[in-house]
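Work through the exercises below with the sequence and the model open. Try each task before reading its solution.

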Amino acid sequence: MGLKWSNIKFDQRKLVIASTVTKGTTIHRDDTVKTASSLREYPLLDEQIALLEKIKKQEGDNRAVWGKDYFESDYVFKHEDGSLYHPDYPSKAFKKLVMGMPDLPQNIHFHELIYKASHNRLLTQILVSYQYY
């Protein structure tokens, strides 16, 4: 939810994680990360660049439709009128999606899935590295 257009370097084909959105009693949007190790860069694949360019075009179309009522910001992910998503939006939308699919285990949580996916990717990298030694 904290990804900004200014942190996407299309010319360098990379994405920089340099800001955070947190929720406590209020929502905080900061142009810093929590720790130095949280400042990360990721290479972008052709498919990711194409998707981001599509989102950017849609943002322009939405701006034209909403006119002066469009909420301007540098954030990538937002509602059609430009207003920002609440930090809980991905988790709540995921839960609603899972509830609509009774064949799935209903105790799946969005952040748990992200953790498991990153854990599996790390495990795969370790196994691939091990095979080459």
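**Exercise 1: Strand pairing**

Val16 and Glu41, the latter in S5, stand opposite each other. The model is a predicted one.

Task: Find how many bridges join S2 to S5, and in which direction the two strands run.

Solution. Start with the ranges: S2 covers 14-17, and S5 covers residues 40-43. Next, count the bridges between S2 and S5; there are four, and the strands run antiparallel. Then turn to the pairing of S2 with S1, where two bridges join antiparallel strands. In that pairing, Ile8 stands opposite Leu15 of S2.

**Exercise 2: The hairpin loop**

Task: State which residue in the hairpin of S1 and S2 takes a positive phi.

Solution. First locate the loop: the hairpin has four residues between its strands. Arg13 lies in this loop between S1 and S2. Its phi is positive, about 55 degrees, although Arg13 is not a glycine. For comparison, most residues other than glycine have a negative phi. Finally, classify the accessibility of Arg13. Partly exposed means between 20% and 50% relative accessible area, and Arg13, at 37%, therefore counts as partly exposed.

**Exercise 3: The two sides of a helix**

Task: Determine which residues of H1 are buried, and which exposed residues lie on the face turned away from them.

Solution. Begin with the span. H1 runs over residues 46-66, 21 residues in all, and reaches 30 Å from its first C-alpha to its last, close to the expected 30 Å. Now list the buried residues of H1: Ile49, Leu52, Glu59 and Asn62. These residues lie on the same side of H1 because they cover an arc of only 140 degrees around the axis. The face turned away from that side carries the exposed residues Asp46, Glu47, Leu51, Lys54, Lys57, Ala64 and Val65. As a last step, look at what covers the buried residues of H1; strand S1 (8-9) is included. After the helix comes Gly67, with a positive phi near 55 degrees.

**Exercise 4: The nonpolar core**

Task: Name the residues that make up the largest nonpolar core, then list what Leu15 touches.

Solution. The largest core has eight residues: Leu3, Trp5, Ile8, Leu15, Leu44, Ile49, Leu52 and Val76. Compare this set with H1, where Ile49 and Leu52 are among the buried residues. Then take Leu15. Leaving out residues up to four places away in sequence, Leu15 touches Leu3, Asn7, Ile8, Arg40, Glu41, Tyr42 and Leu44.

Key: Residues numbered from 1 in each chain as written. Predicted model: local features only at pLDDT ≥ 70, side-chain atom pairs only at ≥ 80, totals over all residues. Heavy atoms only, no water. Core = buried A, V, L, I, M, F, W, Y, C linked by side-chain atoms within 4.5 Å. Buried < 20%, exposed > 50% of the residue type's maximum accessible area, 1.4 Å probe, protein only. Contact = heavy atoms within 4.5 Å. Expected span 1.5 Å × (residues − 1). Arc of directions from axis to C-beta. Pairing = 2+ DSSP bridges.
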